[in-house]
Amino acid sequence: MDRISINTISQVIQRGATNPLQELAEVAGISIDSRTAKENDLFFAIQGKRFDGHQFVNQALTRGAAACVVKRGEVTNPGSQLLLEVDDVNHALLQFARWYREQQSAQVIGVTGSVGKTTTRSMIYTALSSCLTGIQSPANFNNEFGVPLSIAGIESSHQFAVLELAASQVGEIRELAAIALPQIGVITAIGHSHLEHFGTLQQIAETKGELFEQLPATGLAIVCGDDPFADCLASRTTARKVRIGLGENNDLQAVSIEQDQQGISFRVNGQQYLLPVVGRHFVNAALAAIAVARELGISEQDVAESLRNYSTVPGRCHQMQIGDWTVIDDTYNASPDSMRAACQVLHDHVGTGKRIMVLGDMLELGPETERYHRELGILVCQAGVDLLFACGKQATSVAQGARSAGMSHTIIITAADVELLAENVTDLLEPGDVVLVKGSRGMRMERLLQHLQQIVSDRVTAGATKISCV
């Protein structure tokens, strides 16, 4: 963040109030977590459903925070010059972020959608960063607290910023986009995520389309042309539109898609691209990156070279080697659409070992939850998976679906929790096997990866002990 005087910030969030004691003080960053607050940060004591930042004001000051934004009358501190009092801290954070964004000249790219937001955001950043200077949202900073923090990471020297926007209810994308002020908007896809909150796919599309509504007429809207809601989304903006996808009706169409041990290769307008990843679903993210890069004047050759160096985000179809096993870590989250993509990943996998799928429940799907899990079991069988492990309250539904499609019950194992599956998985693993692990965030499927890593570590330790005793 560019350094800003506390008095300037005070005038933004306190409606012109100034404090002579703060005239020379400057802020170098903002924080909402006292544990990670740095020297000269401005700490916002935000209030959430399960926490209240006012409890940690003194801790933030001890760590070197230049000042703290607090609710009026909530904190009594002898050093009152270190407190900026407002009526609503959460609103003040948004207010500051909007003002700070208006001071920056960087091109802002907003990314939303039901699936693939983080992958698309990181792919765009990869495509741009070899030629331009900029930032992307750190981790999953995509809500009312994360987006302001991401905006604060922009500096006057930056030429672009790729910001991820998410929502759990109608209107949230509109509010976030009104703060981020993107000139380019990307909607990845409309899928069956958070149906418990939104109710219908149409309502999800309406919410994601709020991003396009906020684009200026001179901006650019990038939409997946293969999505059934493409026309609906495109109609939400007067900005220019670029459709991307695999169908012939798209402005940017990927053709000749092939998966091999090097990764996914494809062509766009005669240019060959290679992504060092597993999974065809990465192609749409790459197409969005290509479209953004073209808009910012980067050549197709430079984009192709940049994407060859793309690294997957942990938890999102990230392939790793654990001992003698290939593990595909897709543990960050799950929905019917991303589960379908995961099944395709295993179907396309090139290798000699068994293809093993370890699945946890998909959460927040509403009244149709059981049906979606039965359909998942059918997809697993159709993918030719050699072993299926399912855990959670819906594990039985997944198993029923797999058996109904012809999968033998002898290669299906269910349990209430992933930790109860762990020993079964390792007992049946052999060198060369590939294991894909996926489930909703609340299932904490990464615990299986930790178990596998511990098994390998114990074996190494045991081997070293034997050698030292010879």
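# Exercises on a predicted model

Glutamate 206 and arginine 236 form a salt bridge, with their closest N and O atoms 3.6 Å apart. The model is predicted, and the exercises below work through it piece by piece.

## Exercise 1. A salt bridge and its network

Task: place the partners of the bridge between glutamate 206 and arginine 236 in the chain, and classify their exposure.

Solution.

1. The pair links distant parts of the chain, 30 residues apart: glutamate 206 belongs to helix H8 (residues 201-208), and arginine 236 to the loop between helix H10 (230-234) and strand E12 (240-245).
2. Glutamate 206 has a relative accessible area of 31% and is partly exposed.
3. Arginine 236 has a relative accessible area of 16%. Buried means under 20%, so arginine 236 counts as buried.

## Exercise 2. Two further bridges

Task: describe the bridges that glutamate 26 makes with arginine 3 and glutamate 446 makes with arginine 441.

Solution.

1. The structure holds 22 salt bridges.
2. In the bridge between glutamate 26 and arginine 3, the closest N and O atoms are 3.0 Å apart.
3. Glutamate 26 lies in strand E2 (residues 26-27) and arginine 3 in the segment before strand E1 (4-5), so this bridge ties together parts 23 residues apart in sequence.
4. At a relative accessible area of 34%, glutamate 26 is partly exposed.
5. For glutamate 446 and arginine 441, the closest N and O atoms are 2.7 Å apart.
6. Glutamate 446 is partly exposed at 21% relative accessible area, and arginine 441 is partly exposed at 35%.
7. Elsewhere, salt bridges with shared partners join Arg174, Glu206, Glu210, Glu213 and Arg236 into one network.

## Exercise 3. The interface of domain 1 and domain 2

Task: state what kinds of atoms and contacts are found between domain 1 and domain 2.

Solution.

1. The chain is divided into domain 1 (4-87), domain 2 (104-308) and domain 3 (318-461).
2. The centres of domain 1 and domain 2, taken over C-alpha atoms, are separated by 34 Å.
3. Five residues of domain 1 touch four residues of domain 2, contact being heavy atoms within 4.5 Å.
4. The size of an interface is often given as the accessible area lost when the parts come together.
5. Between domain 1 and domain 2 that area is about 370 Å², and carbon and sulfur atoms give 94% of it.
6. On the domain 1 side, Ile30, Ile32 and Ile46 supply 84% of the area buried against domain 2, more than any other three residues.
7. The rule finds zero salt bridges across this interface, and zero residue pairs in polar contact with both at pLDDT 80 or more.

## Exercise 4. Two helices and what covers them

Task: list the buried residues of H1 and H13, and name the elements that pack on them.

Solution.

1. Helix H1 (residues 6-13) is mostly covered, with six of its eight residues buried.
2. Those residues are Ile6, Asn7, Ile9, Ser10, Val12 and Ile13.
3. Their cover includes E1, E2, strand E4 (41-44), strand E5 (67-71), strand E6 (83-86) and helix H3 (89-102).
4. Helix H13 (residues 336-348) has 13 residues and reaches 19 Å from its first C-alpha to its last, close to the expected 18 Å.
5. In H13 the buried residues are Pro336, Ser338, Met339, Ala341, Ala342, Cys343, Val345, Leu346 and Asp348.
6. An α-helix has 3.6 residues a turn, so residues three or four places apart point the same way.
7. The buried residues of H13 pack against strands E14 (255-260), E18 (325-330), E19 (355-359) and E22 (434-438), and against helix H14 (369-382).

## Exercise 5. Two buried residues

Task: describe the surroundings of phenylalanine 160 and aspartate 433.

Solution.

1. Phenylalanine 160 is in strand E9 (residues 160-164) and is buried, with a relative accessible area of 0%.
2. Beyond its neighbours within four places in sequence, phenylalanine 160 contacts residues including Ile109, Tyr125, Leu128, Leu132, Ile135 and Leu296.
3. Aspartate 433 is in the loop between helix H16 (418-428) and E22, and at 1% relative accessible area it is buried.
4. The side chain of aspartate 433 makes a polar contact with the side chain of lysine 354 (2.7 Å).
5. Leaving aside neighbours within four places in sequence, the contacts of aspartate 433 also include Asp324, Trp325, Thr326, Gly353, Ile356 and Leu428.

Definitions and conventions:
Residues are numbered from 1 along each chain as its sequence is written. This is a predicted model: local features need pLDDT of at least 70, side-chain atom pairs count only at pLDDT 80 or more; totals for chains, interfaces and linings use all residues. Side-chain values use heavy atoms; hydrogens and water are left out. Helices (H or I, at least four residues) and strands (E, at least two) are DSSP runs, numbered from the N terminus. The expected span of a helix is 1.5 Å times one less than its number of residues. Buried means under 20% relative accessible area, exposed over 50%, partly exposed in between (1.4 Å probe, protein chains only). A salt bridge is a side-chain nitrogen of Lys or Arg within 4 Å of a carboxyl oxygen of Asp or Glu. Domain bounds come from an automatic or database domain assignment. Buried area is the accessible area (1.4 Å probe) that two parts lose on being put together, summed over both. A polar contact is a pair of N or O atoms within 3.5 Å; within protein, one must be able to donate a hydrogen and the other to accept it, and residues adjacent in sequence count only if both atoms are side-chain atoms.
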